[in-house]
Amino acid sequence: MQQSADVVIIGGGVMGCSMLYNLAKLGVTNSVLVEQDVLGSGSTGRSQAICRMHYSNPVTASMAWESLKYFSNFGEMVGGTSGFVKTGYLVIVEDVDRPGLEKNIAMQQELGINTAVVDAAQVRELAPMVEIDESEALAWEPESGYADPYQLTTSYANRAKDMGARIELRNPAVGIEVSGGRVQAVLTVEGRRETNVAVVASGPWSRQVMAKVGIDLPLSAVRHQVATLTRPLDLIPDHPIVGDIAQSFSFRPDGSNMTFIGFGEEDVEVDSYNEGVDMPEVTEALGKLARRMPAMADSYFRGGWSGLFTVTPDWHPILDRVPGIEGLYCAVGFSGHGFKLSPMIGVTMAELITQGSASSIDINPLRFSRFEEGDLLTSSYRYRVLA
Ligand SMILES: Cc1cc2nc3c(=O)[nH]c(=O)nc-3n(C[C@H](O)[C@H](O)[C@H](O)COP(=O)(O)OP(=O)(O)OC[C@H]3O[C@@H](n4cnc5c(N)ncnc54)[C@H](O)[C@@H]3O)c2cc1C
């Protein structure tokens, strides 16, 4: 079956669906999203979906802050639900990283983000269940929380479809036809989709998709594990999200009685990694959790999963046109922090595609050429994920 569209998006994760919606909102309704499996079946469905603003760079901090407005008011701003639950977010770093934390908070406050450096006494008031070492440096974001990746993704998809966009599930893209230096079509197992604009949003598979047009994207796959626990509710009825950078892991509540913990960064192959959890690492993470919330030593392990971070050399995304091929765009390389940015990724990419540049937020720091220019984004910390 041959069809034509103004834009074809390759990948139905949260990014593809957010872009499909935002393009439709800007009037591009004759668009198609092709997905090799079902919506959210890549990294999105495995996300911890933590929405926080603590970054070292204004571009990502602003994107997270502007996106939080969507997460908190999704019904009014888009329609449907993001599943957002406000919990507050506590950042914990070692004393050696205090200058980095203070620098970040000053930058974020300048952007208008609701965040502050706090001390151990304040944390005892805000989150009495969390144990803090007096030497640790701390910051608190009262408005942060977590959302539901599947609800957010399908809500964007449904609103886009309401406006006329099409979604083709179980229809992998197998090629991108280029001639005369510009995109002519996206080739799928179900036929040719004629278009002059193709957007690669294929998560961990983006490197393979881009290789079909001879572009070698600097992307690799990193496995991250999530373990789920039932909480002793009488001892810990609830708790905020904690980015425990000092111990290299994070945890958040889920629903009424669960706690999720995220840990591990292991280089793997995209199509052959262990999608379950490794018990020795779960045990190690449980030990870290029990150090922060001692009553969790009695929590009950309910299982878990692993997913893939798609990582660039500076652990930040590439949002840009692809140089040398007119009409080809990419929104890739979100590592472990794309979900929280996804509303503004959709907004800015739709602006780039329809207007030639992003007007809501300057995404130039995330340009394609920064790696060969040696102008990588840097971090105030020694850690990668927070960068
Ligand atoms: C375990 C884990 C925890 C995370 N926790 C957080 C967090 O707390 N907060 C946060 O902000 N971020 C988090 N992230 C990161 C976040 O989930 C990702 O950055 C985000 O989901 C990436 O979305 P995406 O749409 O780019 O990719 P994906 O969700 O991977 O979507 C890509 C889609 O493309 C499809 N596809 C691939 N190849 C083709 C093809 N040839 N044709 C058609 N379709 C194709 C795939 O099937 C897939 O559905 C986490 C990630 C993981 C793995």
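**View 1. The shell around the ligand in this predicted model mixes 17 nonpolar, 19 polar and four charged residues.** The model is predicted, so please read each view in that light. In total, 40 residues surround the ligand, and the closest are Gly 13, Gly 42, Gly 203, Gly 307 and Gly 338.

**View 2. Helix 1 and two strands help to build the ligand shell.** Helix 1 (14-25), strand 15 (220-230) and strand 19 (300-311) each contribute at least two residues to the shell. Looking at domains instead, at least three shell residues come from each of domain 1 (3-47 + 149-219 + 314-373) and domain 2 (86-143 + 220-311).

**View 3. The largest nonpolar core holds 118 residues.** Those touching the most other members are Ile 10, Met 19, Leu 20, Leu 90, Ala 198, Val 199 and Ala 331. Domain 1 and domain 2 each provide at least three residues of this core.

**View 4. Here is a closer look at Leu 90 and its contacts.** Leaving aside residues up to four places away in sequence, Leu 90 touches Val 123, Ala 127, Val 130, Leu 138, Trp 140, Pro 240 and Val 242.

**View 5. Three strands form an open sheet in the order 4-9-5.** Pairing in this sheet is antiparallel. Strand 4 (50-51) and strand 5 (85-86) each have a single partner strand, so one side of each edge strand has no neighbour in the sheet.

**View 6. Strand 4 and strand 9 are joined by two bridges.** Strand 9 covers residues 145-146 and runs antiparallel to strand 4. To find one of the bridge pairs, start at Ile 50, whose partner in strand 9 is Tyr 146.

Notes: Residues are numbered from 1 along each chain as its sequence is written. This is a predicted model: local features need pLDDT of at least 70, side-chain atom pairs count only at pLDDT 80 or more; totals for chains, interfaces and linings use all residues. Two strands pair if DSSP finds at least two bridges between them. Helices (H or I, at least four residues) and strands (E, at least two) are DSSP runs, numbered from the N terminus. A nonpolar core is a set of buried Ala, Val, Leu, Ile, Met, Phe, Trp, Tyr and Cys residues joined through C-beta atoms within 7 Å. A residue is buried if 20 or more other C-beta atoms lie within 10 Å of its own, exposed if 12 or fewer, and partly exposed in between; C-beta atoms are placed from the backbone. Domain bounds come from an automatic or database domain assignment. Two residues are in contact if their C-beta atoms, placed from the backbone, lie within 7 Å. A residue is near a molecule or strand if its C-beta atom, placed from the backbone, lies within 6 Å of it. Ala, Val, Leu, Ile, Met, Phe, Trp, Tyr, Cys and Pro count as nonpolar, Asp, Glu, Lys and Arg as charged, and the others, Gly among them, as polar.
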